[in-house]
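Follow the chain below from its strand pairing to its helices and then to its buried interior. The model shown is predicted.

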Amino acid sequence: MSPKTSSKRKRSFSQGEGPKGIAALKNPLASYRERISEKAGFNIDAKAFPFELGYVFVTLKAQGKGLSHQLVDEAIRLAAGRGLFATARTDNARMLSTLEKAGFNRKGKPYGGRSPKRRIQILVRPGEKSDEATEP
């Protein structure tokens with residue numbers, strides 16, 4: 001597997017026939033942070049968690065081969081020791097497990113997503129030099 005960089009903070013992996021997965025770090029807007037912090041009851045402080053692990057996607061054919069772990073690890077590396085937060089659907093046990101194995105911890109309470117049936121969980125991974133945010 002060889003990494004392909006499309007920008008400083010995006011990483012994808014290919015295996016011969018094209019990309020198999022992608023992950024990205026995002027610089028979320030303050031309004032987004034505030035909105036989901038309020039919904040979850042957990043303050044995602046911009047100083048403690050400057051980046052969001054915005055999405056991790058692995059194609060169906062490549063799932064079950066550990067690629068999501070590699071993508072999350074690469075995003076952590078690109079964050080250069082700074083804190084990260086992520087959101088994941090509560091019914092996505094594989095992604096929740098991947099994030100928790102990478103040092104993310106669930107914070108706040110699950111909140112409603114785009115669909116009323118979907119519940120979203122905030123997870124955080126403190127940086128090496130930052131203090132963890134606190135409950136509001």
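Strands β5 and β7 are paired antiparallel, with six bridges between them. One of the positions involved is phenylalanine 85, whose bridge partner in β7 is valine 124. On the β4 side, phenylalanine 85 of β5 stands opposite glutamate 52. Phenylalanine 85 therefore has a bridge partner in β7 and an opposite residue in β4, if bridges are taken as DSSP finds them.

The pairing of β4 with β5 (residues 84–89) is parallel and rests on three bridges. Phenylalanine 51 takes part here too, with leucine 84 of β5 as its bridge partner. Between these two strands the chain passes through helix α2 (residues 67–78), and the resulting β-α-β crossover is right-handed.

Strand β4 (residues 51–58) also pairs with β3 (residues 19–26), this time antiparallel and through six bridges. Within that pairing, alanine 23 is set opposite valine 56 of β4.

These strands belong to a chain with seven strands and three helices. In sequence order the elements read β-β-β-α-β-α-β-α-β-β. Among contacts between residues separated by 6 or more positions, 63% link residues 24 or more positions apart.

Next, consider helix α1. Which residues of helix α1 (residues 30–40) are buried? They are Tyr32, Arg33, Ile36, Ser37 and Ala40. Because these residues span an arc of only 125° around the axis, they lie on the same side of α1. The cover over the buried residues of α1 includes β4, β5, β6 (105–112) and β7 (119–125). Glu34 and Glu38 are exposed, and they sit on the face of α1 turned away from its buried side. Just after α1 comes glycine 41, which has a positive phi of about 75°.

What remains is the interior. Of the 136 residues in the chain, 39% are buried. The chain exposes about 7900 Å², and carbon and sulfur atoms supply 49% of that area.

In soluble globular proteins, nonpolar side chains tend to be buried together. Here the largest nonpolar core has 22 residues, and those touching the most other members are Leu25, Leu53, Val72, Leu84, Leu99 and Phe104. At least two residues of this core come from each of β3, β4, α2, β5 and α3 (93–101). Helix α2 gives the largest share, six residues. The helix that carries the chain from β4 to β5 is thus also the one that supplies the largest share of this core.

Another core, of twelve residues, lies apart from the one just described, and its members include Ala40, Phe85, Tyr111 and Val124. Several of these names have come up before. Ala40 is one of the buried residues of α1, while Phe85 and Val124 are the bridge partners in β5 and β7.

Terms used: Residues are numbered from 1 along each chain as its sequence is written. This is a predicted model: local features need pLDDT of at least 70, side-chain atom pairs count only at pLDDT 80 or more; totals for chains, interfaces and linings use all residues. Side-chain values use heavy atoms; hydrogens and water are left out. Two strands pair if DSSP finds at least two bridges between them. Helices (H or I, at least four residues) and strands (E, at least two) are DSSP runs, numbered from the N terminus. A crossover is right-handed if, with the strands pointing away from the viewer, the path from the first strand over the helix to the second runs clockwise. Buried means under 20% relative accessible area, exposed over 50%, partly exposed in between (1.4 Å probe, protein chains only). The arc is that of the directions from the helix axis to the C-beta atoms. Contact means heavy atoms within 4.5 Å. Accessible areas come from the Shrake-Rupley method with a 1.4 Å probe; for residues, only the protein chains shown count as cover. A nonpolar core is a set of buried Ala, Val, Leu, Ile, Met, Phe, Trp, Tyr and Cys residues joined through side-chain atoms within 4.5 Å.
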